[in-house]
Amino acid sequence: MSVALPNLMSEFAIGASTAQWITTAFMLTMAVVIPITGYLLTRLPLRTVFIIAMSSFLLGTLLAAVAPTFFTLVLGRVVQAIGTAIMMPLLMTTVLNVVPSNRRGRTMGVISIVIAVAPAIGPTLGGIILDALNWRWMFWIMLPIAAIALVLGATMISNVTETRRLPLDVLSVVLAALGFAGLVFGLSSIGSAAEGSALITPWIPLAVGIVSLAVFTWRQLGLRDHALLDVRAFGTSTFTMALVMMCIGMMGMFGTLITLPIYLQTVLGLDAMHTGLTLLPGGLLMGVMGLFVGRLFDRVGARPLVIPGTAIVATALWGMTTLAADSGQGTVIAWHMLLNAGLSFMFSPLMTAALGSLPRRLYSHGSAILSTLQQVAGAAGTAVFITVMTTATLAGTAAGADVVEATMSGIHNAMVWGAVIALVAFAGSFFVKSVPADEEPDAVAHSPAPAPETTPVH
């Protein structure tokens, strides 16, 4: 949807800060709903959760397609996000329960395509659709696909998980909503604050988010087996370390995805469609690499893949610091492809190592934690890159530089920060535990038997 913002601004007569809510509202909803999915997957049968998720996505897609006002469009995106937020933890929890441990790597490789490649090729598809049709077709094209998925899933998905009757702690829901929404909104507002167009100072929602999450964590530890989101998953060192590395990788990917289009359009003068086509080879490469890397993980484990992966990411980001106003489009494509190759060596091994290290009873909660922190990391990466870029651009403009020169200075500074973060990831990669997937972790192999109140679902 990012490439459609100018069209939306023109059709609904709104400014850029208002139009940005088409993506901000989606991210906020994801951050609020995902923490609840651990409870949903424990309380409800798998097929029921899938039907809820896909029905919500379908309804939101239809609402957005026919939206007569911008408010209705944002509402449709919120309803869409509810379904998306449920679907990702549902997918990973299903894999952990169904796929044998010695094949999880290749399966997670496929999932990494969904998580990582979709944002990379989204601008390309959006640009192509906008070039031939209007923005509503972004939703009309998706509508029959979502409907078919709903019918097939409702018919073919089996209930392979076990449900437990758990009370819903309303206070935990409120704290999670305030905490994660505060973090995502605050981080997303930092860039606007640097431009002087933020609705409120970002430190207020960030403070609310941090305090709420601290209280939320304390309450979850007290609730233990009845927790809304069981944070005891962080007690597994492999899970925690892999999660930290995953978040750093997401920061680099989303920060680059927001910065490169600005460089391509403002500095190199490309239009939206050609900008998307420039980023397409990198996205396609990540898709191919995901399958290849997943199979490698099943053989060698995480560390032998993550170490070279972070080294490649760091090399690519340092390479991007050399981009200039006279750089060729082929140079951008080459560095972007190298970056995505490195990220592909990180994402599926880290996801598989993190979730596979947990006891079975924490699968759904671990999946929800991973999906939630990916949203926070994406917002953080965007905030870091945009804030550094905006600050340096404004300084360049104040010094008398023209728009292109000032923007180039901002992008260079943002890439330097990204490259430094990548070096931190490279140092941390040596601490990732490498447990081949065919050696079931003790925590999983000897997970405790279900509690007496557990009710099998057939």
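A residue counts as buried when its relative accessible area is under 20%, as exposed when that area is over 50%, and as partly exposed in between, with a 1.4 Å probe and protein chains only. The model treated here is predicted, so that local features need pLDDT of at least 70 and side-chain atom pairs count only at pLDDT 80 or more, while totals for chains, interfaces and linings use all residues. Residues are numbered from 1 along each chain as its sequence is written, and side-chain values use heavy atoms, with hydrogens and water left out.

**Exercise 1. Decide whether Thr72 is buried or exposed, and state which residues it touches.**

Step 1. Thr72 lies in helix α5, residues 70-98; helices (H or I, at least four residues) and strands (E, at least two) are DSSP runs numbered from the N terminus.

Step 2. Thr72 counts as buried because its relative accessibility is 15%.

Step 3. Contact means heavy atoms within 4.5 Å. Not counting residues up to four places away in sequence, Thr72 touches Leu63 and Ala67.

**Exercise 2. Describe the overall make-up of the protein chain.**

Step 1. The protein chain has 17 helices and two strands.

Step 2. Of its 458 residues, 53% count as buried.

Step 3. Among the contacts in the protein chain with a separation of 6 or more, 82% are accounted for by residues 24 or more positions apart.

**Exercise 3. Compare the span of helix α10 with its expected value, and locate its buried residues.**

Step 1. The expected span of a helix is 1.5 Å times one less than its number of residues. For the 21 residues of α10 (residues 203-223) this gives 30 Å, which agrees with the 30 Å between its end C-alpha atoms.

Step 2. The buried residues of α10 are Pro205, Leu206, Gly209, Ser212, Leu213, Phe216 and Gln220. They cover an arc of only 135° around the axis, which puts them on the same side of α10; the arc is that of the directions from the helix axis to the C-beta atoms.

Step 3. Trp203, Ile210, Val211, Trp218 and Gly222 are exposed on the other side of α10. Just after the helix, Arg224 takes a positive phi of about 50°.

**Exercise 4. Carry out the same analysis for helix α8, and find what its buried residues pack against.**

Step 1. The 15 residues of α8 (residues 142-156) should span 21 Å at 1.5 Å a residue, and the end C-alpha atoms are 21 Å apart, which agrees.

Step 2. Leu143, Ala146, Leu150 and Gly153 are the buried residues of α8. Viewed down the axis of α8, these residues fall within an arc of 100°, so they line one face of the helix.

Step 3. On the other side of α8, Ile148, Val151, Thr155 and Met156 are exposed, whereas the buried residues pack against α4 and α7 (137-140).

Step 4. Leu62 lies in α4, residues 46-65, and is partly exposed, with a relative accessible area of 38%. Leaving aside its neighbours within four places in sequence, Leu62 is in contact with Trp140 and Leu143; Leu62 and Trp140 are 78 residues apart in sequence, yet 7.5 Å apart in space, C-alpha to C-alpha.

**Exercise 5. Determine how helices α11 and α14 pack, and place His336 in that arrangement.**

Step 1. Helix α11 (residues 237-267) and helix α14 (residues 329-356) pack at an angle of about 155°, with their axes 9 Å apart. Axes are lines fitted to C-alpha atoms, for helices over the stretch in contact, and angles run from 0 to 180 degrees between N-to-C directions.

Step 2. The two helices, α11 and α14, are therefore roughly antiparallel to each other, a term for angles over 145 degrees, while those under 35 count as roughly parallel, 65 to 115 as roughly perpendicular and the rest as oblique.

Step 3. The residues of α11 that meet α14 include Met253, Thr256 and Leu260, and those on the α14 side include His336, Leu339 and Leu343.

Step 4. His336 counts as buried because its relative accessibility is 2%. Apart from neighbours within four places in sequence, His336 is in contact with Leu260, Leu279, Gly282, Gly283 and Met320.

**Exercise 6. Characterise the site of Ala425.**

Step 1. Ala425 is found in helix α16, residues 403-429, and counts as buried at 4% relative accessibility.

Step 2. Leaving aside neighbours within four places in sequence, Ala425 is in contact with Met245, Ile248 and Thr310. Ala425 and Ile248 are 177 residues apart in sequence and 6.5 Å apart in space, C-alpha to C-alpha.
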